[in-house]
Amino acid sequence: MLKKIFLGLASAALLAAAPAWADPAPARENMSRALAVTGKVATPLTLTVADLRRLPQANGGDIAVTRHNGDKAETITSYKGVRLRDILDKAALDAPGHNDVKKLAIIATATDGYAVVFSWGELYNAPAGEGVIVYYEKNGKALDDSDGEIALISAKDIRTGPRHVKWLNGVEVRKLVE
């Protein structure tokens with residue numbers, strides 16, 4: 001009996017002392033709960049999932065998320081979200097000059113610092129813009145800790161992984177040149 005108690009206590013001590021990296025659950029500190037749209041916009045925004053649901057919806061599916069080397073990371077069979085372009089339209093790009101929009105870069109950032117870049121031309125003047133989606137549901141479920149509550153994917157990229165932003169919490173519009 002004493003041996004069982006000792007083994008039980010020893011096991012509990014080992015589990016309690018396990019390093020953080022041994023826990024398969026993702027860290028909740030990366031969870032994204034809102035998306036801030038800032039920079040060269042007339043109306044800076046902070047959007048929650050509830051706010052995103054009230055914008056024009058972009059639903060679809062069958063996106064193979066592929067890494068930069070072409071390896072498959074996952075398959076998204078369905079998603080619900082909003083085109084990044086529609087979010088930017090709601091914020092109203094601050095580009096009063098005739099050619100100002102052509103000088104804009106849009107930077108999408110995650111809570112862990114990961115960031116990707118789009119040009120105005122990609123989002124508004126090319127087929128790729130149709131597939132840049134800020135999403136909050138995938139495969140029929142709300143996003144979980146591994147994605148944050150809000151994520152972004154450029155679904156029409158050949159390799160979708162490099163511009164797949166989990167834990168999305170910021171979109172900044174910057175003017176690159178004067």
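## Overview

Of the 178 residues of the chain, 38% count as buried, and the model in which they are counted is a predicted one. The secondary structure comes to four helices and 12 strands. Among the contacts in the chain with a separation of 6 or more, 65% are made by residues 24 or more positions apart.

## Salt bridges

The structure holds 13 salt bridges. One of them is formed by glutamate 74 and lysine 138, whose closest N and O atoms are 2.7 Å apart. This pair links distant parts of the chain, since glutamate 74 belongs to strand β5 (residues 72-76) and lysine 138 to strand β9 (residues 132-138), with their positions 64 residues apart in the sense that they are 64 residues apart. Both glutamate 74 and lysine 138 are buried.

Another salt bridge brings together the side chains of aspartate 157 and arginine 163, at 2.9 Å from N to O, and here too both aspartate 157 and arginine 163 are buried. Beyond such pairs, Arg53, Lys80 and Glu137 are joined into one network by salt bridges that share partners.

## Aspartate 100 and its partner

Aspartate 100 has its place in the loop between α3 and β7, and it forms a salt bridge with lysine 175 in which the closest N and O atoms are 3.6 Å apart. The two residues come from distant parts of the chain: the loop that holds aspartate 100 runs between α3 (84-91) and β7 (104-110), whereas lysine 175 is in strand β12 (residues 168-175), and the pair is 75 residues apart.

Are the two partners buried or partly exposed? Aspartate 100 has a relative accessible area of 13% and is therefore buried, the cut-off for that class being under 20%. Lysine 175, with a relative accessible area of 26%, is partly exposed. When residues up to four places away in sequence are not counted, aspartate 100 touches Ala95 and Lys175, so that the salt-bridge partner appears again among its contacts.

## The hairpin of β4 and β5 and the largest pocket

Strands β4 and β5 run antiparallel and are joined by four bridges. Threonine 66 has lysine 72 in β5 as its bridge partner. Five residues lie between the strands of this hairpin, in which glycine 70 takes a positive phi near 95°.

The largest pocket has a volume of about 220 Å³. Its lining is made up of Val65, Thr66, Arg67, Ala73, Glu74, Ala110, Asp112, Tyr114, Gly161, His164, Lys166 and Trp167. The elements that give two or more residues to this lining are β4 (63-66) and β5. Sorted by class, the lining of the largest pocket has five nonpolar, three polar and four charged residues. Glutamate 74, named above as the salt-bridge partner of lysine 138, is one of the residues that line the largest pocket.

## The hairpin of β7 and β8

Strands β7 and β8 pair in the antiparallel sense over five bridges, and alanine 108 stands opposite valine 116 in β8. The hairpin that these strands make has four residues between them, and in it glycine 113 takes a positive phi near 95°.

Which side chains of strand β8 (residues 115-119) are buried, and which are not? The side chains alternate along the strand: Val116 and Phe118 point to one face and are buried, while Ala115, Val117 and Ser119 point to the other face and are not buried.

## Glycine 131

Glycine 131 lies in the loop between α4 (120-124) and β9. With a relative accessible area of 5%, glycine 131 is buried, which places it under the 20% limit for that class. The C-alpha atoms of glycine 131 and alanine 155 are separated by 4.9 Å, although the two residues are 24 residues apart along the chain. Leaving aside neighbours within four places in sequence, glycine 131 is in contact with Ile153, Ser154, Ala155 and Lys156.

Terms used: Residues are numbered from 1 along each chain as its sequence is written. This is a predicted model: local features need pLDDT of at least 70, side-chain atom pairs count only at pLDDT 80 or more; totals for chains, interfaces and linings use all residues. Side-chain values use heavy atoms; hydrogens and water are left out. A salt bridge is a side-chain nitrogen of Lys or Arg within 4 Å of a carboxyl oxygen of Asp or Glu. Buried means under 20% relative accessible area, exposed over 50%, partly exposed in between (1.4 Å probe, protein chains only). On a 1 Å grid over the protein atoms alone, a cavity is a set of points where a 1.4 Å probe fits but cannot get out, and a pocket is an open set with protein on both sides within 12 Å along at least five of seven lines; lining residues have an atom within 4 Å of a point. Grid points are joined across faces, edges and corners, and a volume is the space filled by probe spheres set on the points. Ala, Val, Leu, Ile, Met, Phe, Trp, Tyr, Cys and Pro count as nonpolar, Asp, Glu, Lys and Arg as charged, and the others, Gly among them, as polar. Two strands pair if DSSP finds at least two bridges between them. Contact means heavy atoms within 4.5 Å.
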